[in-house]
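Student: I should like to learn how aromatic and charged side chains are read in a structure. Could we work through an example together?

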Amino acid sequence: YFERQDLRDIRLNKAKLRDASFVGAVLTGADLSGVDAFRAKFISAKLAGAKFDGARLLEADFTKADLSKTSFRNTDLRRAILFRVNLRGADLTGARMRGADLHYAELTGATWVDGKKICAEGSIGRCL
């Protein structure tokens, strides 16, 4: 459990974080590339500028997390909970998102999964 901990700029590359809890934690600028965080909880966490490239985040819960300018390149986000998250300026290139919950997610300026489309201003819950 890493709840409410200040872990900014930490390097956890390829760590096994299955079912880990980062509720309310500060992970700004953290490198979480290649982690296996199946069903991990990042609820209300501050992850601005973090890097999740190539991570396995199936069923991870990011409810109300700050994911602005976070990189999710080639990340597995299937069935992840991204309810009310801030994904402004995030990079979702190559991310697998089937079944992900994007209700009320702020996607303005995010690079969509195709790596080409930039979500327009006002993209809430879907990339316009």
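**Reading rings and charges**

Tutor: Both phenylalanine 42 and phenylalanine 52 are buried. Please keep in mind that this is a predicted model.

Student: How many aromatic pairs does a search of the whole structure find?

Tutor: The search yields eight aromatic pairs. One of them joins phenylalanine 22 and phenylalanine 42, which are stacked, with 5.0 Å centre to centre and 0° between the planes.

Student: By what is such a pair described?

Tutor: Two values describe a pair of aromatic rings: the distance of the centres and the angle of the planes. Phenylalanine 42 also pairs with phenylalanine 52, here edge-to-face, at 5.8 Å centre to centre and 85° between the planes.

Student: Why is phenylalanine 22 classed as buried?

Tutor: Buried means under 20% relative accessible area. Phenylalanine 22 is buried because its relative accessible area is 1%, and for phenylalanine 42 the value is 0%.

Student: Which residues do the ring pairs link into a cluster?

Tutor: The cluster consists of Phe2, Phe22, Phe42, Phe52, Phe62 and Phe72. Phe72 is also among the residues that aspartate 53 touches.

Student: What is the nearest side chain of opposite charge to aspartate 53?

Tutor: That side chain is lysine 51, 4.2 Å away. A salt bridge requires a nitrogen-to-oxygen distance within 4 Å, and buried aspartate 53 has none. Its side chain does form a polar contact of 2.5 Å with the side chain of serine 71.

Student: Where does arginine 84 lie?

Tutor: Arginine 84 is placed over the face of tyrosine 104, 4.6 Å from the ring centre.

Technical notes: Residues are numbered from 1 along each chain as its sequence is written. This is a predicted model: local features need pLDDT of at least 70, side-chain atom pairs count only at pLDDT 80 or more; totals for chains, interfaces and linings use all residues. Side-chain values use heavy atoms; hydrogens and water are left out. Buried means under 20% relative accessible area, exposed over 50%, partly exposed in between (1.4 Å probe, protein chains only). Lys and Arg count as positive and Asp and Glu as negative; His and the chain ends are not counted. A polar contact is a pair of N or O atoms within 3.5 Å; within protein, one must be able to donate a hydrogen and the other to accept it, and residues adjacent in sequence count only if both atoms are side-chain atoms. Contact means heavy atoms within 4.5 Å. Rings of Phe, Tyr and Trp (its six-membered ring) pair if their centres lie within 6.5 Å; planes under 30 degrees apart count as stacked, over 60 as edge-to-face and the rest as tilted. A charge sits over a ring if NZ of Lys or CZ of Arg is within 6 Å of the ring centre and within 35 degrees of the ring normal. Lists of a residue's contacts leave out its neighbours within four places in sequence.
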